[in-house]
Amino acid sequence: MGQQENNEEINLPFEKLSLLFGGGVGAFGRNLSLFIFNNFRLWIDAGVGFPHQQHPGLEKTIPSMALINKFAPDVIILTHGHEDHIGAVTFLAPFLKKGTPVYLTSFTLELLKVRFREKSIDINYFNIHIVSDLLKIEAGPFQVQFFDIPHSIPQSLALGITIDKLNIKMFYTGDFRLPEEPGNKKYKFADFGPVDFLFCDSTGAMSKGINTSEKKIKENLESVIKNWPGRVFFTTFSSQIERIQHLYEVAKHLHRPLGILGKSLRTHIQAAYNAEKFSVAASDIFNPSPSNQKSIWIVAGCQGESNSALYRMANESNFKFTVSSQDMLIYSASIIPGNSEPVFDILNKLIKKGVYIYGPDDAHLTMHTSGHGKSADVLKMIDIMKPKTLCPIHGDPLHFQSMSDLSRSVTGLNCTILNENYIYTLNDKQISKLNEFTDSAQYYEAGSVHNDYSLYVHRNNMATDGVCNVVIDQKKMQLIEIQYLAVIDENRLNKSKHDLKKEIERHIEKIKIPRVNEKKLIQKITRLNVYYLQKKPFVNLQWINLD
Ligand SMILES: [Zn+2]
Ligand SMILES: [Zn+2]
């Protein structure tokens with residue numbers, strides 16, 4: 001809690017521009033950037049982070065309460081509707097000022113409305129402003145101009161931010177790609193440059209080359225589907241509306257009926273229709289008969305999410321189709337790091353059932369293009385904005401280093417690497433560290449938010465080494481029983497159990513007051529377990545009263 005107190009003492013220089021993060025820099029996900037000047041706080045995005053394998057049971061991470069308590073926003077801008085940019089808004093809303101202005105596009109608002117409805121929160125808790133390309137607003141001392149920028153979800157925004165008082169100009173790309181286009185396309189945001197600072201999406205910087213356009217993917221889709229005589233299943237991210245629209249057009253063109261499998265797909269299609277970004281309402285897409293061999297089905301669950309339609313299709317649980325060699329699945333997505341195992345499990349199961357899989361990456365016709373600009377896109381952005389200072393955002397240290405190497409080797413410009421544990425100050429030339437800010441995330445699972453990271457350490461420990469339950473009579477300070485659960489095979493355990501018990505008894509007897517030295521006792525028992533069993537089970541002390 002010491003760190004929390006330190007955070008309480010932070011006073012930011014009123015006359016300087018400060019910058020800090022609730023996530024998104026140095027760890028993927030949980031995007032939240034916070035600019036502060038003259039005590040006015042401008043938040044950009046409020047997203048969730050995603051769990052890694054070492055966090056069993058964790059569903060998502062959320063920006064910290066310390067950040068909210070100390071730096072509640074005067075204005076929030078949401079760049080686009082992906083989960084890692086808006087997913088935390090509903091969790092944070094009850095702690096934010098009623099009537100806080102929120103600027104966003106109409107499609108992002110449609111998605112936010114769905115979340116607010118699910119949590120029974122009134123969207124009018126915030127003061128909502130719908131924005132569009134080239135609109136300029138005054139947000140306290142900040143002048144912000146919105147620019148449409150291509151990404152893998154409709155209506156994504158980049159931000160041109162000016163602070164007249166400080167003579168500072170910044171461009172914040174949000175998530176973006178600049179795919180191959182015929183001719184030399186001039187982007188409207190090009191007129192905003194040159195800038196002092198460029199905050200640039202680094203997620204795709206590690207990949208060579210340039211992104212394929214959605215138009216090309218559509219052509220590829222049509223040529224593959226045209227030649228397949230049986231049913232076609234197609235999976236992609238639910239937010240990938242442009243591609244889903246293209247598939248809808250391909251199906252129409254080939255006179256093949258289209259169906260949707262998955263709630264998240266319906267939600268996104270309906271939201272896109274409401275924002276005039278999809279040509280037909282989800283409710284008007286009727287599912288054809290499963291036995292129709294000409295049918296095309298969009299299936300949710302491209303990341304292997306358990307219980308998704310794709311998962312059920314592979315595991316034959318509660319799924320209305322029996323799949324066979326008449327079926328093809330087009331995998332039109334990238335596999336997010338950490339999801340390879342469940343995705344490959346699904347694809348392998350489907351192949352065993354005879355389904356032909358097109359994709360993920362190795363097919364001769366590309367079926368997916370990333371929402372994040374590759375190296376050529378990043379270099380194009382640097383060339384357009386000509387920044388004095390370049391800061392990678394939206395990535396892990398590895399993404400940041402890749403962008404830094406790329407920029408240095410091609411343009412001679414070094415990157416300034418940012419970290420979510422610091423507060424920075426900016427003048428018109430550079431960024432410097434002002435103070436430490438420990439921003440430990442919050443954790444969400446099973447319907448509620450908590451702060452106890454040790455839960456995941458213990459769960460990992462139990463998963464690999466089992467549990468050692470030690471029952472102690474706290475009046476007599478005597479060992480009653482020691483039980484091992486899923487630790488090691490019975491034979492080996494029985495050989496050591498007698499000696500182990502004796503040693504543990506000795507240590508318990510040494511303790512005069514029950515529970516006072518609990519932590520030390522757990523450490524001792526852990527060391528004994530390692531010595532006798534070569535295992536480090538989670539030690540659970542159970543104090544009981546035997547009268
Ligand atoms: Zn995104
Ligand atoms: Zn993102």
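**Sheet, helix packing and backbone details in a predicted model**

Good morning. I begin with an open sheet of 3 strands, ordered E4-E21-E22, in which the pairing is antiparallel. Please bear in mind throughout that this is a predicted model. Which strands lie at the edges of this sheet? They are strand E4, residues 60-62, and strand E22, residues 448-450, and each of them pairs on one side only. From one strand to the next, the twist averages 35°.

Let me look at one pairing in that sheet. E4 runs antiparallel to strand E21, residues 442-445, and 3 bridges connect the two. As a point of reference on your screens, Thr 61 is placed opposite Tyr 443 of E21.

I turn now to the helices. Two packed helices are described by the angle between their axes and by the distance between those axes. Consider helix H5, residues 106-118, and helix H8, residues 263-274: the angle between them is about 135°, and their axes are 8 Å apart. H5 and H8 are therefore oblique to each other, since an angle has to be over 145 degrees to count as roughly antiparallel. Their crossing is right-handed. On the H5 side, the contact is formed by Phe 107, Glu 110, Leu 111 and Val 114. H8 contributes Thr 267, Ala 271, Ala 272 and Asn 274. How does this contact of H5 with H8 divide by class? There are 5 nonpolar residues, 2 polar and 1 charged.

The next pair is helix H11, residues 375-385, with helix H12, residues 397-411. Their axes come within 11 Å and cross at roughly 60°. H11 and H12 are therefore also oblique to each other; the range that counts as roughly perpendicular is 65 to 115 degrees. The crossing of H11 and H12 is right-handed. Which residues meet here? From H11 they are Ser 375, Val 378, Leu 379 and Ile 382, and from H12 they are Met 403, Leu 406, Ser 407, Val 410 and Thr 411. In the contact of H11 with H12, 6 residues are nonpolar and 3 are polar, with no charged residue.

Let me move to the peptide bonds. Gly 193 and Pro 194 are joined by a cis peptide bond, with omega at about -5°. Pro 194 belongs to the loop that links strand E11, residues 168-172, to strand E12, residues 197-201. A cis peptide bond also leads from Gly 359 to Pro 360, where omega is near -5°. Pro 360 sits in the loop between strand E17, residues 356-358, and H11, the helix that packs with H12.

Finally, I come to backbone phi. Asp 45 is not a glycine, yet its phi is positive, at about 65°. This residue is in the loop between strand E3, residues 40-44, and E4, one of the edge strands with which I opened. Is Asp 45 buried or exposed? Asp 45 counts as buried because it has 30 C-beta neighbours inside 10 Å, where 20 or more are required.

Asn 167 likewise has a positive phi, of about 55°, without being a glycine. Its position is the loop between strand E10, residues 157-163, and E11. Asn 167 has 10 C-beta neighbours inside 10 Å and therefore counts as exposed, the limit for that class being 12 or fewer.

To close, the two residues with positive phi may be set side by side: Asp 45 is buried, whereas Asn 167 is exposed. Thank you.

Conventions. Residues are numbered from 1 along each chain as its sequence is written. Chains are lettered from A and ligands numbered from 1 in the order in which they are written. This is a predicted model: local features need pLDDT of at least 70, side-chain atom pairs count only at pLDDT 80 or more; totals for chains, interfaces and linings use all residues. Axes are lines fitted to C-alpha atoms, for helices over the stretch in contact, and angles run from 0 to 180 degrees between N-to-C directions. Helices (H or I, at least four residues) and strands (E, at least two) are DSSP runs, numbered from the N terminus. Angles under 35 degrees count as roughly parallel, over 145 as roughly antiparallel, 65 to 115 as roughly perpendicular and the rest as oblique. A crossing is left-handed if the near helix is turned anticlockwise from the far one by less than a right angle, and right-handed if clockwise. Two residues are in contact if their C-beta atoms, placed from the backbone, lie within 7 Å. Ala, Val, Leu, Ile, Met, Phe, Trp, Tyr, Cys and Pro count as nonpolar, Asp, Glu, Lys and Arg as charged, and the others, Gly among them, as polar. Two strands pair if DSSP finds at least two bridges between them.
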